[in-house]
There are 2 protein chains.
Amino acid sequence: MSARIRIAVDAMSGDLGPRVAICAAQNFIAHFQDVDVLLVGDESRLLPFISPKTISSGRISVHHAATIVAMGDDPLHALRRKKDSSMWLSLTRLRDGAADACVSAGNTGALLAMSKFLVKSFPGLDRPAICKPMPVEKGLTFMLDLGANVNCTPMQLHQFAVMGSVLAKAKGLESPRIALLNIGAEEQKGTEVLQQARELLTADSDINYSGFVEANSIFSGDVDVIVCDGFHGNIALKASEGVARFIQKKIAKTAKKNLFNKFMAMLAWPLLRQMRDELDPSFYNGASLLGLQKPVIKSHGNANSAAFFRALTVAREQVIQQIPALIEKKFNLNIPPKREE
Amino acid sequence: MSARIRIAVDAMSGDLGPRVAICAAQNFIAHFQDVDVLLVGDESRLLPFISPKTISSGRISVHHAATIVAMGDDPLHALRRKKDSSMWLSLTRLRDGAADACVSAGNTGALLAMSKFLVKSFPGLDRPAICKPMPVEKGLTFMLDLGANVNCTPMQLHQFAVMGSVLAKAKGLESPRIALLNIGAEEQKGTEVLQQARELLTADSDINYSGFVEANSIFSGDVDVIVCDGFHGNIALKASEGVARFIQKKIAKTAKKNLFNKFMAMLAWPLLRQMRDELDPSFYNGASLLGLQKPVIKSHGNANSAAFFRALTVAREQVIQQIPALIEKKFNLNIPPKREE
C-alpha cells in the first residue's frame, strides 16, 4: 500500500449513471485528504463533469473503458467477454497495485466472478461472502453472506463467522458476539447444515458464539455478527429493504391523506424529515466482498451520490484497517506472492 | 356445518394470558351475530371474566382443560403427553364437529402436530402450510409457507401455489398472480428445487404463474400469492416484523430526542398515531394452517385482544368460504368419511 490511499471506482456502474460516482468522488477527495480516486469508464462521459483543476491536481484521474457490464448480463458471459468494461478494468487496477481498493455499483454476480478471477480469494476460501453492516437498535450488526453463495457447507458458514468477526473487531469490538440465522432460537432447530455449523462454532475457542437467532432479532442489536447462507441472507436483507420502503411510502401517503394530515405534516416536517433520513438505507451503503486478497466494495445499484460516498468510506476504512491481511492471518493461509506494487 | 358458526378457542394460549382471548371473544360475538365461541381452558381462570348473562345466552361457553402447551414445549412431547391441554381439547372439539374452526395463539409446532393428528391433512398433502396475508402497497399478498416445512419438494411448492390460489380466489380475485420467492427475478436463478417448481407451475394451466420475485418485492403488491419453503418464508416474515418494530421504536425515539422534537411530536400526534396504527402488524393477525380438513387459525403469540379478534375474523371467513372444501375439490382428493356431526 502506498502512503496515499487509491480507490478505483467503476464509474459506469449503477442504475443512475456515472454522475453519481463522479459527484461522490469529488466530495470524497474534498473530505478525505489521504485519498485519490481513479474513475474508470467512458472518458467522453466522465471528463466533462470533472473540473480541470481537480484533474490537474491528480487527485481524481480518469481511465478509459469502452464498455460496461449491464445489470442483466450473465456473470460468466461478462467474465469471458467484457474485458474492456469499466468493472474489469477497475479490478485490474486493483490487481496490478495501481489501486488499494475497488468500488462498483454494478452487477453483483459479475463483480463476484471478476473479483475472484482477478483479485483472487484466499486459498481455501471457495468464494467471497458479501457482508454488510445493518442498522440495529444498538449500533450496527454485520451480516454475511448476503447472496454470494446460494448453498453453503457448515465449514463455509464457519469461515464466514471468522471473517465477520475480523470485521467487527476492526470496528473496535473486543469479542464480537456471533450468531447463526435460523427459524428458531432453540438448539435443535433448523437444517442439518446449521446443526453442524453450530457444532463448529461452539468448538472454535476464537469465536464468541451466541447461538441461533431468528430473523426478527436481526435488528435488536443483541449480537454483532449474523452468519447465514447467501440465500437466507439475501431474503432477510431484501425483505428488510422492502418493508422500510413500504413504510416510507405509507408515511408519505398518510401525510397527504387529507387537509388535516397535510397541515399536521407541514408542522411536523422537521421531525418527519429526520425520521426519513434515519430510515434511509443509503446511509448503510457499501457491502464488502470478504475473502478476497484486496478490498472490493459493492455499492447498491440505485445508490445516490451520498450513498456512493458511504461505499467509498467503507473502501477507505478497509484499506486502513487492512482487513484482507487480518483475514489472511486468521486463516493462517499462505497467499501466493503479490506483484510488485 | 351447523347454521351458526362455532369457533373453538384455545383460550390459554398466547403470551399475554387468557384475558386476551376472552375479551376478543366477547367483542366478537357482539360484532358477529352468527358466531358462537367455545373457550377452552382453565375454568377457574376463564369464568370470572365472563358475565353470567353471556354464559346463559349460550353464545360463549367454557370447556375445561387442566393443562396448557407451553411455548417452549417440544411439539412431539406435547402431542404425546398433553391430551388434557387447552390446545388438544380445542382441536378435539373441531375434529368431533362440535366446532367449525379452531383458533390458537400457542406453540406453532405443537399446533401443527396436533392439528395434523386430530384434524388430518388431506391425503397426498404431507404437512399443512402456514399462510398469511401480508399488507402490501396495493392491498394484501398471501404468502406461504411461513414455517411449517423447513425443506420442501418442488411438488410441495406446487401444492402451496394451488392452496394459496384458492385463498386468494375466495377473497374475490379472479386469476390470482402466483410467484415463487427467489434471490433474483431471472429465470435461471436459484436452487434446483425452485427450478423444478417453476417448471411445475408453468405447466399448470390452472395457475397464473408470474415468475420469480425477490424479497424486496413482497410488499409491492405486484403479485397475489408468494410461494416459498417454510425456512425462507419464516425468514422473510420475521425480518419484516423486525424492521417494522425497529422503525416504530426509531420513530418513538426521534420524537423524544429533544424539546423541539417533543413539541413537534405533540403537534403531530394524531398523524403519528395514525402511522403507528397503520404499521401495526396485529391488524394482519391470523395465519391459516392450509391443507387441513377443517380451518385452524394461528394467532400471533403476543397478540393483544384486537389482534386476536382479527384471527377470529379469519376463522369465521374460512368457515363461510368453506376453504378446506375448496382445497379438497382442487386436489380432487377423497377424504375419508367424516364423523357424524
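**Helix packing tour**

In this predicted model, α7(A) passes α8(A) in a right-handed crossing (the near helix is turned clockwise from the far one by less than a right angle). Select residues 154-170 and 192-203 of chain A. Their axes, lines fitted to C-alpha atoms over the stretch in contact, come within 8 Å and cross at roughly 45°. That makes α7(A) oblique to α8(A) (neither under 35 degrees, nor over 145, nor 65 to 115).

Show side chains. On α7(A), the contact (heavy atoms within 4.5 Å) uses A:Pro154, A:Met155, A:Leu157, A:His158 and A:Ala161. On α8(A), pick A:Val193, A:Leu194, A:Gln196, A:Ala197, A:Leu200 and A:Leu201. The contact residues divide into nine nonpolar, two polar and no charged.

Next, select α13(A), residues 323-331. A:Ile323, A:Pro324, A:Ile327 and A:Phe331 are buried there (under 20% relative accessible area, 1.4 Å probe, protein chains only). Look down the axis: the buried residues fall within an arc of 100° (directions from the axis to the C-beta atoms), so they line one face of the helix. They pack against α7, β10 (287-290) and α12 (305-321) of chain A.

Move to chain B. Select α5(B), residues 86-95, and α6(B), residues 108-118. They pack at about 30°, axes 10 Å apart. That makes α5(B) roughly parallel to α6(B). The crossing is right-handed. B:Trp88 and B:Arg95 are among the α5(B) residues that meet α6(B), whose contacts include B:Met114 and B:Phe117. By class, the contact has eight nonpolar, two polar and one charged residues.

Residues are numbered from 1 along each chain as its sequence is written, and chains are lettered from A in the order written. Local features need pLDDT of at least 70, side-chain atom pairs count only at pLDDT 80 or more, and side-chain values use heavy atoms, without hydrogens and water.

Notes: Buried < 20%, exposed > 50% of the residue type's maximum accessible area, 1.4 Å probe, protein only. Helix = DSSP H or I, 4+ residues; strand = E, 2+ residues; numbered from the N terminus. Axes fitted to C-alpha atoms, helices over the stretch in contact; angles between N-to-C directions. Nonpolar A, V, L, I, M, F, W, Y, C, P; charged D, E, K, R; others polar.
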